[in-house]
Amino acid sequence: MLDEDDDCPELVPIDTQPGPPVGQIPVTIITGYLGAGKTTLLNYILTEQHNKRIAVILNEFGEGSALEKSLAVSQAGELYEEWLELRNGCLCCSVKDNGLKAIENLMEKKGKFDYILLETTGLADPGAVASMFWVDAELGSDIYLDGIVTVIDAKYGLQCLFTCHLKSALSFRQIAVADLTIINKTDLVTEEELKEVKDTVRSINGLVKIIETQRSRVDLSEVLDLHSFDSKDGLLLKSILTVTFEIAGDLSEDALNAFIQDLLWEKIFCNKEGQPMSVIRLKGIVSFADKGHQVMLQGVHELYELNETQQLWEENPRINRLVFIGRNLDKDILQEKFVSTVLLGSEKN
Ligand SMILES: Nc1nc2c(ncn2[C@@H]2O[C@H](COP(=O)(O)OP(=O)(O)OP(=O)(O)O)[C@@H](O)[C@H]2O)c(=O)[nH]1
Ligand SMILES: [Zn+2]
């Protein structure tokens, strides 16, 4: 719950739960199927009275501009736009990784924001976007995920939820991971139809908060600063573990590929109970002996990539930092495998 004092732009959570560290910036992911009213919601939020500097990131695929994302920033009430050129690979990972990079770049240039709103494309899986923020929080990012808001078109949104395959899977996931659902365009449906939509949402996500709107007009306090993940380990993150370790030295690139493939593809690593480890998200900075630059490891489910970064190791100690998020992970076992098979200079190399 937040202080609503108008003279106080620095809103400080006063709850007693272990919240995010002071100074971290909340991100709200706004998702929902094509045309549900996401942009309408963002515009509404930006023009409402508030004392926040809000950065909005639009991850949309406009006509012919798939390689660019528009970035609009509301500062002291005025809206200006800045175009960031972002390299764009696959929909899920590159878009969100670049999204985060864009935020970081922008903060460097323009100073910090109080709040970030990220509109995903109507075709995005918000779960994958969200996992990006968990892993970056682990790596000490300035940004934390505040909540996932899913906008639903009351008239067309769920119409074919159980008939059209692609759409249903997406809409289903968007609702399943939501902390808040906004059933929008209530002007287009009858009471009965609205109730049906609400029941469907409820059946997919029994815990989610539901708000009904026209033109996405919501009370800002219902959307921002939800702190959905501060104490959420028991819900969405249930049984999902994070393992982080740091190992000094150089790695064998071939051995690292083999290790990752065993982990992500073959799933041959098990925890002490014999359950196979399952990785949802993987990220790291690693060192290869023949490379002066740091190498970034990025993985989402079965996909991963290793890319040389601009960052030189120079005189910095070469320390590999790895973060794994997933189920049945065991730090001791993972680290032992990693050190014995991937690290150069260990017995097997
Ligand atoms: N009748 C009605 N139309 C609405 C309402 N809210 C939004 N719209 C209209 O719905 C259309 C889509 O709204 P957007 O906000 O662009 O939807 P979006 O989710 O951002 O769409 P994409 O980014 O293309 O996925 C626009 O023409 C809006 O004017 C509403 O409550 N009622
Ligand atoms: Zn939009």
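Is arginine 217 buried or exposed? Select it and see: this is a predicted model, and here arginine 217 has 53% relative accessibility, so it counts as exposed, the cut-off being over 50%.

**Stop 1: around arginine 217**

Show the backbone too. Arginine 217 sits in the loop between β8 (209–212) and α6 (220–223). Now add threonine 40 and draw a C-alpha to C-alpha distance: you should get 8.5 Å, although arginine 217 and threonine 40 are 177 residues apart in sequence.

**Stop 2: the zinc ion**

Next, pick ligand 2, the zinc ion. Its protein donors are Thr39, through OG1, and Glu119, through OE, at 1.9 to 2.3 Å. Threonine 39 belongs to helix α1 (residues 38–47) and glutamate 119 to strand β5 (residues 115–119), so the pair ties together parts that are 80 residues apart in sequence. What about the geometry of the four donor atoms? They subtend angles of 87 to 168° around the zinc ion, so the arrangement is irregular.

Color the two residues by accessibility while you're here. Threonine 39 comes out at 32%, so it counts as partly exposed. Glutamate 119, at 2%, counts as buried.

**Stop 3: the largest nonpolar core**

Hide the zinc ion and select Phe259, Leu263, Phe324, Leu334 and Phe338. Within the largest nonpolar core, which has 25 residues, these five touch the most other members. To see where the core comes from, show β9 (241–248), α7 (253–266), β10 (278–286), β11 (293–300), β13 (319–327) and α8 (331–341), the elements that each give two or more residues to it. The top contributor is α7, with five residues.

Zoom in on leucine 334. Leaving out residues up to four places away in sequence, leucine 334 touches Val243, Phe245, Phe259, Leu263, Phe269, Met277 and Phe324. Another core, of 19 residues, lies apart from this one; to find it, select some of its members, including Val56, Leu117, Ile182 and Leu224. As a rule, nonpolar side chains in soluble globular proteins tend to be buried together.

**Stop 4: helix α5**

Last, select residues 191–204. This is helix α5, with 14 residues; from first C-alpha to last it reaches 20 Å, close to the 20 Å expected at 1.5 Å a residue. Which of its residues are buried? Leu194, Val197, Thr200, Val201 and Ile204 are. Look down the axis: those residues cover an arc of only 125°, which puts them on the same side of α5. Flip to the other side of α5 and you'll find Glu191, Glu192, Glu196 and Ser203, which are exposed.

Definitions and conventions
Residues are numbered from 1 along each chain as its sequence is written. Chains are lettered from A and ligands numbered from 1 in the order in which they are written. This is a predicted model: local features need pLDDT of at least 70, side-chain atom pairs count only at pLDDT 80 or more; totals for chains, interfaces and linings use all residues. Side-chain values use heavy atoms; hydrogens and water are left out. Donors are N, O and S atoms within 2.8 Å of the metal (3.2 Å for Na, K and Ca); water is not among the atoms, so sites may look incomplete. Four donors count as tetrahedral if all angles lie between 85 and 135 degrees; four count as square planar and six as octahedral if opposite donors are over 155 degrees apart and all others between 65 and 115; anything else is irregular. Helices (H or I, at least four residues) and strands (E, at least two) are DSSP runs, numbered from the N terminus. Buried means under 20% relative accessible area, exposed over 50%, partly exposed in between (1.4 Å probe, protein chains only). A nonpolar core is a set of buried Ala, Val, Leu, Ile, Met, Phe, Trp, Tyr and Cys residues joined through side-chain atoms within 4.5 Å. Contact means heavy atoms within 4.5 Å. The expected span of a helix is 1.5 Å times one less than its number of residues. The arc is that of the directions from the helix axis to the C-beta atoms.
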